[in-house]
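I opened this notebook to record what I looked up, one entry after another.

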Amino acid sequence: MTKQELTECIDTYGRDIYSFCRHLAGNIQEAEELYQDTWLKTVELLESIDSTGNVKSYCLSVAMRIWKNKKRKFAWRKRIAGTQDYLDEEGLEYISDGRPASEEQILEKERDRLVWNAVGELSGKLKTVILLYYMEELSISQIAELAGVPEGTVKSRLYQARKLLEQKLEGVLYEK
Amino acid sequence: MRNELDELLTHVLTPREKPGDILNRKILEQVKETEHMNQKKYKRASAAVIAAAVLAASSITAVAAWQYRSASDVAERAGDEKLADYFAEQASAAGIATDPPGVAGQADSANIVGESQNFGGYKVTVLGLASGAELSHYQMKSGDQVHSDRTYCVVAIEREDGTEMDAEHGNFFVSPLIGGLEPWVYNAVSLCGGYSQFVEEGILYRLLECDNIECFADHELYLCVSDTSFYDSSLYHYDETDGSISRNTEYKGLNALFDLEIDAAMADPVKAQALIDAVNSSGEDDGTGIELPKETQDAMAWAAQLTPENLEQYCVRMENTVQTVTAKDGWYVQQPWLVNAAVSDTRGGEGSRIKAEFMTESYTPGRLYIEGTSTSGGMEDLVITTIMLNEDGSVTFAAWVPKDVSMYLK
């Protein structure tokens with residue numbers, strides 16, 4: 001991959017990959033490390049960019065693998081403590097751009113926070129499927145290929161995740 | 001409701017968070033500016049340098065290091081005169097001149113001071129090593145805790161072919177490592193480390209500090225220097241059987257590893273255990289700065305003490321949970337309520353299964369691995385699971401509970 005290709009890829013997919021890393025990792029520091037490692041690994045693995053290939057999917061799969069390995073290393077401590085994936089406020093500041101927030105914006109922000117918390121509380125596999133489906137807009141078959149599981153498994157995880165989110169977000173959904 | 005949920009998720013989860021420009025620039029900087037950059041980790045060198053590298057592969061030499069700034073100078077440049085004075089005193093005690101610039105040695109750990117290693121087109125020279133309390137003007141704080149008992153290390157990193165180091169170059173990881181403790185967990189980062197660095201005449205000088213490692217003097221101690229931002233397990237081998245750490249000689253980049261020989265009399269097992277505990281508990285906030293509840297910390301500390309040898313002393317095995325599973329049966333175990341948190345996050349209709357890849361890639365056959373999980377985070381529902389990868393590739397799973405929880409609950 002040439003520097004020019006990498007620059008173009010980061011320009012095109014940087015936001016998507018970063019958002020995925022941000023919410024997979026749960027905090028900015030780890031997300032930035034994951035994002036950085038993802039691109040470095042992608043560069044290492046890809047001789048050149050095939051314009052017909054799906055670079056975004058490729059990067060997402062690299063990010064997933066790196067995150068999985070990282071999690072594995074700290075599995076002991078994570079398990080003892082229970083899941084500690086938090087979303088800090090910093091990650092939710094995109095609504096605020098320096099202007100005073102209107103009531104509507106405050107409500108929206110609170111709704112988004114509830115949604116993110118609910119997604120963040122999902123188990124790793126369910127959360128990954130939700131992020132790939134809704135955030136990255138991948139199809140069931142793409143997710144299956146990327147995660148290395150049958151499509152039926154993806155559907156099942158999506159179903160479970162939706163059910164759980166429906167329960168957790170009941171208040172938000174009825175308010176709408 | 002399904003459609004509303006879809007709309008809500010699509011709307012809220014739309015990627016909005018942009019990576020910072022600095023972060024993107026950092027990535028580009030790290031990737032070599034060559035037409036084909038896929039050999040990023042393989043530092044390229046001229047033909048002449050390659051020839052020299054073949055002759056001097058893995059060279060480890062003690063050099064006359066007068067051409068470098070002294071450790072005292074480096075500390076002074078970092079604005080730490082107290083530490084600079086200490087290094088100068090140590091150099092003086094070791095009979096090493098510092099004017100003109102020389103190597104500040106230290107009586108108790110001078111063995112590697114002045115030693116150089118050449119790997120991946122880089123030459124790394126250790127210029128100073130010092131440990132002790134109150135050696136610096138500055139104190140590291142994490143939360144409410146002040147870290148004043150520290151280890152300091154000064155290294156010079158330069159390119160073998162003489163090209164100058166970039167003043168902004170920060171992509172190196174310098175850290176002490178401790179034999180018997182997983183290097184990816186216990187390193188400068190988890191030991192509350194920090195560093196400052198500068199480039200002078202094309203040589204990068206880095207002053208690293210972290211919690212004092214002298215208390216681990218009864219372990220093998222190492223100093224690693226690599227061309228990565230953080231500890232990278234692919235660069236070093238950790239032998240779980242004897243706890244030794246060694247270089248991955250297949251790696252083409254920089255993965256220097258110096259042996260530190262600190263006087264074993266400096267070992268302090270109580271202090272060492274306190275540092276281990278601190279690392280274990282500090283990792284739990286996951287970088288969020290959110291402190292775990294005391295009952296969770298207590299449960300973690302208690303569970304962390306369990307070993308294959310003392311497990312039966314403190315826990316009772318629930319015989320009906322013992323089962324051996326294989327890839328053929330999909331790694332499924334019969335107690336999903338136990339497995340969920342411990343070794344799998346597969347839930348609901350799929351049942352529960354042990355992560356096959358987790359077992360086969362990371363585990364040593366025949367060794368018992370102990371894990372703990374607690375839904376509440378406290379001792380009252382702490383369940384210990386043990387997993388063993390058998391020689392035939394199957395995995396034996398069992399769940400245990402503490403013998404008398406009441407004695408741990410206050």
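I began with helix 8 of chain A, residues 151-168, in what is a predicted model, and I asked whether its length fits its residue count. At 1.5 Å a residue, the 18 residues should span 26 Å, and since the end C-alpha atoms are 26 Å apart, the two values agree.

Next I looked up which residues of helix 8 of chain A are buried, and I found A:V154, A:R157, A:Q160, A:A161 and A:L165. They cover an arc of only 130° around the axis, which places them on the same side of the helix. I noted the general reason: an α-helix has 3.6 residues a turn, so residues three or four places apart point the same way. On the face turned away from the buried side of helix 8 of chain A, I found the exposed residues A:G152 and A:Q167.

I then stepped back to chain A as a whole, where I counted nine helices and zero strands. Of its 176 residues, 38% are buried, and among its contacts with a separation of 6 or more, 67% join residues 24 or more positions apart.

Turning to chain B, I looked up an open sheet of three strands, which has the order 7-10-13 and antiparallel pairing. Strand 7 (173-178) and strand 13 (255-260) of chain B stand at the edges with a single partner strand each, so one side of each has no neighbour in the sheet. Neighbouring strands of this sheet are turned by 20° against each other on average, direction ignored.

Last, I followed strand 10 (residues 221-226) of chain B, which pairs with strand 13 of chain B in the antiparallel sense over six bridges, and I noted that B:C224 stands opposite B:L257 in strand 13.

Definitions and conventions. Residues numbered from 1 in each chain as written. Chains lettered and ligands numbered in written order. Predicted model: local features only at pLDDT ≥ 70, side-chain atom pairs only at ≥ 80, totals over all residues. Helix = DSSP H or I, 4+ residues; strand = E, 2+ residues; numbered from the N terminus. Buried ≥ 20, exposed ≤ 12 C-beta atoms within 10 Å, placed from the backbone. Contact = placed C-beta atoms within 7 Å. Expected span 1.5 Å × (residues − 1). Arc of directions from axis to C-beta. Pairing = 2+ DSSP bridges. Axes fitted to C-alpha atoms, helices over the stretch in contact; angles between N-to-C directions.
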